[in-house]
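The exercises below ask the reader to work from coordinates to a reasoned description. Each task is followed by a solution in steps.

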Amino acid sequence: MVKPDARPRHKLLQFPLGAGVAMLLLTGCGATSSDGAKSGNPKGPSTAATTTSTVPPAMVFPPPVIPECGTPITPGPGLLRRLTNEEYIRSVRDIFYLTPDEVSQLQPLLQNDGLAVGNIAEGLRLSPDHLRKYLDVAAKVADFALSTPERRAKFATCDYGAAGDPGFQCRKEFSGGLAYRMFRQALPEMRVWDLEALANRAVPSTTDPDPYRPAKLMVQGLLTSPRFLLRLENPTALASHGWKSITSWDLSVRLSYMLWGTNPDEALQLTARSQQLNSAGQIADVTRKMLVDPRAKEGIGRFINRWLGVELVSDAVRDAATYPEWNDGLKVSMQAETARFMEDFWSKPGLNLLDAFTAKYTYVDDNLAALYGLPLPGPTLTRVDFAANSPRVGFLTQPGVLSASISQKELVAPILRGKFIRKQFLCTLSLPEAPPVVPSPPQDPNLTTRDRLSQHRTNTSCEPCHQLLDPVGFGFEQFDAIGRFRATGSQGEALTGAGQVFGLPGDPTFTGPGELAALLQGSEEVSACLAQQAFRYTYGREPTSADACTITQAREAFKAKKFDLQEMIVAITTSDAFRFASYPGAL
Amino acid sequence: MKRHLSRRTLLRGIGLGSGVCIGLPILDAMLDGNGNLIGRAKGQASGATNFLTFFIPNGVFTDTFWPDQTGANYELSRCLMPLSEFKSDFTLVQGLEKQEAFRNQDINNDAHVRGHASYATGGSLASNLTCEFASVDQVAAAQIGTGMRFKSLPVALGGALGEVSDNISWETGNTPVQATRDPALLFEKLFGKPAGGGLSVDYRTSVLDYVADDITKVKMEIPFTDKARLDEYLTSVRDLETQLAPVATLGPDCVAPAVPDARIGGEPPAIDDNDGTYSNERAQLLLRLQVLAFSCGFTRVGSFMLASRGNKRQFKWLGAVHGEDGHHGISHETTPEGREAQSKIVTDEMEQFAYMLRLMKGIPQGGQNLLYNSLIFFANECGQGDSHDFSNIPVILAGQAGGKVQHGRHIRYNEGTPYDNMLLTVLRVLGLSNPTFGVYGKQTLSDFV
């Protein structure tokens with residue numbers, strides 16, 4: 001029988017370590033191979049020569065290694081994504097003007113989304129159990145939205161259900177108007193009759209005398225329709241090269257969920273209706289306008305939150321005896337701190353996102369000030385500047401980021417923090433198989449964490465992986481599991497935060513998070529990785545080799561515009577991949 | 001005047017009549033708006049074979065799990081003692097190896113994750129972080145589950161990590177059939193919404209009619225789109241319509257075991273449990289409902305996951321705790337204390353398995369009992385926990401499948417016998433004619449078929 005010895009070892013092991021790591025790191029387009037891809041020719045595929053690129057075999061787990069931009073871009077097919085639970089709730093909130101209290105009543109009903117990871121389309125399923133929940137939520141939303149005349153007047157021009165027959169015109173306004181908002185475009189009149197037919201199935205009776213029952217039933221249907229739950233796209237107009245154009249309506253939906261995380265509002269719908277989203281220039285204008293709208297803080301904020309991992313704080317567990325201050329209030333403050341801080345680096349045009357690595361200030365409220373050892377500023381976030389010699393720097397040492405990336409266990413903290421940096425900022429995680437027998441690190445309580453982990457350097461089965469992880473994670477050893485500063489370790493040893501990033505050019509060493517942050521800020525890999533993550537966020541799927549040039553364009557725009565995230569986003573929304581669709585084997 | 005029952009009252013209702021098995025009381029409030037009884041045995045002939053897969057995580061400790069002797073006269077090991085009263089109702093199968101779990105290590109180097117993916121699928125993790133193939137219960141459900149209210153009914157106590165390891169049931173390699181974890185929801189699925197909690201008239205089927213019609217029209221309106229996704233939605237609508245359909249009569253087999261007061265939780269926490277809040281009491285409540293789904297004829301196929309792979313549950317009541325790594329950490333310990341703790345945990349898990357067997361055996365059915373008329377496949381993601389080993393997977397086959405299988409033995413196959421051969425054998429016992437299963441399942445095991 002084939003025994004485990006015969007199992008393939010990871011390819012990384014077949015290379016001298018330096019070379020293997022370099023191969024793992026995304027280098028993206030070389031200057032020469034990307035020239036053709038920069039044209040952004042809206043009429044069809046760019047003219048770049050199709051060269052045989054030396055692509056390493058795909059490693060899919062996460063995130064994939066993107067091959068070099070050598071083949072012309074092919075836009076993907078139109079999207080068909082289910083709304084995420086977050087998008088669903090924001091959309092109904094905005095369409096029906098739900099109160100914060102009502103929103104908080106809906107949230108628990110839509111928890112646990114199975115395999116869904118962020119907004120990746122593949123995991124967003126629609127099983128019978130999902131549908132069961134959607135029906136329950138829809139009944140609740142309908143009850144909320146139609147409960148009072150004031151509520152009804154907010155979203156409907158006709159009081160469907162008021163005493164007496166409201167009349168044909170009124171009913172049509174109600175159903176057509178709601179369908180226009182919820183389905184994100186005008187609904188064919190025939191389909192409006194289907195809604196009317198649904199409403200007519202509810203006959204107010206002695207057991208259910210609610211005169212608004214028919215209207216509520218219609219709302220339940222609207223909320224459960226594939227036209228609402230799914231982001232349907234119908235790219236019809238034929239462009240050259242067999243591509244199809246994404247319609248203005250569908251572009252408004254792409255922009256709205258990407259930038260705002262919610263349904264298009266009426267103004268954006270009007271833009272789409274009046275065909276103001278046709279050219280790349282028009283899309284760029286609208287994108288820029290939307291990015292400075294407060295709603296971008298919810299949409300793009302969601303992307304930032306995921307990039308920095310702080311969304312994980314909500315689920316993080318800490319031992320109450322060791323960390324008595326760990327509670328929901330603190331978690332919320334941590335997430336708010338990072339979100340607020342990051343806004344200083346992306347929410348206006350002309351900002352440099354990468355400055356967020358090294359900025360020497362943050363925002364704290366009372367919860368956080370206690371953790372930082374600062375005077376209490378009150379319940380609202382207030383800016384505090386760090387002294388030049390403070391170990392705190394940028395977002396990397398913010399408690400939310402430090403807490404998201406690790407468990408509370410001292411020994412695994414450097415490993416997990418190293419892994420976090422590799423995965424989130426360098427887009428490299430694929431690692432060799434763990435050895436069959438994992439040797440337990442020495443349990444001797446008199447050893448320092450570094451000493452206990454030192455066998456990762458000497459044991460040849462540990463070293464290939466852990467060389468990539470531990471020396472990066474040691475950069476944060478001066479911070480405990482909830483991000484509090486400490487100068488000494490468990491044995492009274494001075495903690496310096498000294499480490500090394502193998503795989504970056506020259507395998508640079510550093511001392512403390514400040515130097516590590518500066519290394520990351522200056523590395524090409526971080527921009528390349530960010531562009532890749534922005535692609536995944538935008539399209540809800542993993543990139544393939546056909547997307548390499550799209551990602552490269554985004555990265556180069558980011559670099560050319562001095563790391564302005566808004567400009568990277570504009571590069572994405574004006575790209576061919578955003579504006580066109582192609583269907584293999586179909587015209 | 002209808003009496004409104006709270007959900008809790010209904011759940012207690014399952015267990016009324018302490019100590020004896022009783023027929024499920026048909027309460028007024030269990031009738032729907034038309035006076036039809038909610039919950040129906042649809043189409044099941046008494047005595048048809050039911051199939052269930054049962055999963056526990058983190059391997060076992062060889063010395064306390066595997067008996068020394070083989071054959072019929074073996075002595076139960078320490079961990080298997082909870083099964084003593086069922087010795088003639090199960091067979092212990094040693095020597096099976098999950099070679100497929102060595103596949104796709106470059107996708108995820110965590111052996112637990114791959115071991116979990118290979119639990120019932122005959123494959124490993126797939127590149128998109130789902131499974132490579134459908135699981136054995138779903139392959140079976142496609143044949144024996146059709147026409148039932150639930151084609152299958154996966155249930156889980158643990159595992160809510162939001163990833164592949166949340167489920168052991170896979171309709172296709174990348175379509176999990178999500179397990180129900182909330183006892184209240186499971187109850188609602190079986191017996192309908194308790195009255196008083198919502199509308200006096202349930203309009204859900206009207207909405208579903210509209211949605212089904214709308215999906216069909218969308219497919220016509222949009223020529224180029226992901227038709228598979230729309231079809232998935234339409235199938236879900238149809239499945240839910242079947243599940244919500246009023247039920248006319250409950251069969252004589254639809255009896256509920258007696259239970260103490262049920263402690264009911266809501267949805268489990270978003271991440272896998274670390275502090276032991278998933279009590280055995282909750283596990284047993286879910287098991288009672290799962291067994292009831294069989295005995296009432298609501299489904300013929302199920303799966304039960306006691307916890308997901310690499311689970312970190314702390315077994316505080318056993319004194320088996322391990323930093324923040326719980327059961328997983330314990331399973332990797334090679335110290336005598338660690339192995340003692342692992343043995344305690346596995347024994348505790350076998351007690352939950354025994355609890356389910358006891359329930360099933362206590363339900364008379366067609367001159368025999370529910371257990372006799374069922375087939376249960378029990379296994380783990382790995383063999384010996386401390387080494388992530390995929391050989392010697394602890395496998396138990398229980399239930400006589402209506403008389404097709406003889407039990408009461410400890411069989412030890414040659415080391416390296418494909419685990420998938422066992423899964424192929426299971427399908428054959430259930431009457432399916434698949435020639436192979438998974439990557440390595442090419443031969444059936446002659447001890448069973």
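The model is predicted, and four exercises with solutions follow.

**Exercise 1. Overall description of chain A**

Task: State how many helices and strands chain A has, what share of its residues is buried, and what share of its contacts joins residues 24 or more positions apart.

Solution.
- Step 1: Chain A contains 25 helices and eight strands.
- Step 2: Of the 587 residues in chain A, 49% are buried.
- Step 3: Among contacts in chain A with a separation of 6 or more, 65% link residues 24 or more positions apart.

**Exercise 2. Positive phi in two loops**

Task: Determine where Tyr97(A) and Phe563(A) are located, and classify Tyr97(A) and Phe563(A) as buried, partly exposed or exposed.

Solution.
- Step 1: Tyr97(A), a residue other than glycine, has a positive phi near 55 degrees. Its place is the loop between α2 (85-96) and α3 (100-106) of chain A.
- Step 2: Tyr97(A) has 15 other C-beta atoms within 10 Å. The buried class requires 20 or more and the exposed class 12 or fewer, so Tyr97(A) is partly exposed.
- Step 3: Phe563(A), also not a glycine, has a positive phi near 60 degrees. This residue lies in the loop between α23 (548-560) and α24 (565-573) of chain A.
- Step 4: Phe563(A) counts as buried because 21 C-beta neighbours lie inside 10 Å.

**Exercise 3. Packing of two helices in chain B**

Task: Characterise the crossing of α5(B) and α8(B) by angle and handedness, and identify the residues that make the contact.

Solution.
- Step 1: Two packed helices are described by the angle and the distance between their axes.
- Step 2: The axes of α5 (residues 183-191) and α8 (residues 280-295) of chain B come within 10 Å and cross at roughly 10 degrees.
- Step 3: Angles under 35 degrees count as roughly parallel, and α5(B) and α8(B) are therefore roughly parallel to each other.
- Step 4: The crossing of α5(B) and α8(B) is left-handed.
- Step 5: From α5(B), the contact involves Pro183(B), Leu186(B), Phe187(B) and Leu190(B); from α8(B), Arg282(B), Leu285(B), Leu286(B), Leu289(B), Leu292(B) and Ala293(B) take part.
- Step 6: These residues comprise nine nonpolar, no polar and one charged.

**Exercise 4. The surroundings of Tyr257(A)**

Task: Establish which helix holds Tyr257(A), whether it is buried or exposed, and which residues Tyr257(A) touches beyond four places in sequence.

Solution.
- Step 1: Tyr257(A) belongs to helix α10 (residues 248-260) of chain A.
- Step 2: Tyr257(A) counts as buried because it has 25 C-beta neighbours inside 10 Å.
- Step 3: Leaving aside residues up to four places away in sequence, Tyr257(A) touches Glu87(A) and Arg231(A).
- Step 4: Tyr257(A) and Thr538(A) are 281 residues apart in sequence, yet their C-alpha atoms are 8.9 Å apart in space.

Terms used: Residues numbered from 1 in each chain as written. Chains lettered and ligands numbered in written order. Predicted model: local features only at pLDDT ≥ 70, side-chain atom pairs only at ≥ 80, totals over all residues. Helix = DSSP H or I, 4+ residues; strand = E, 2+ residues; numbered from the N terminus. Contact = placed C-beta atoms within 7 Å. Axes fitted to C-alpha atoms, helices over the stretch in contact; angles between N-to-C directions. Parallel < 35°, antiparallel > 145°, perpendicular 65-115°, else oblique. Left-handed = near helix turned anticlockwise from the far one by under 90°. Nonpolar A, V, L, I, M, F, W, Y, C, P; charged D, E, K, R; others polar.
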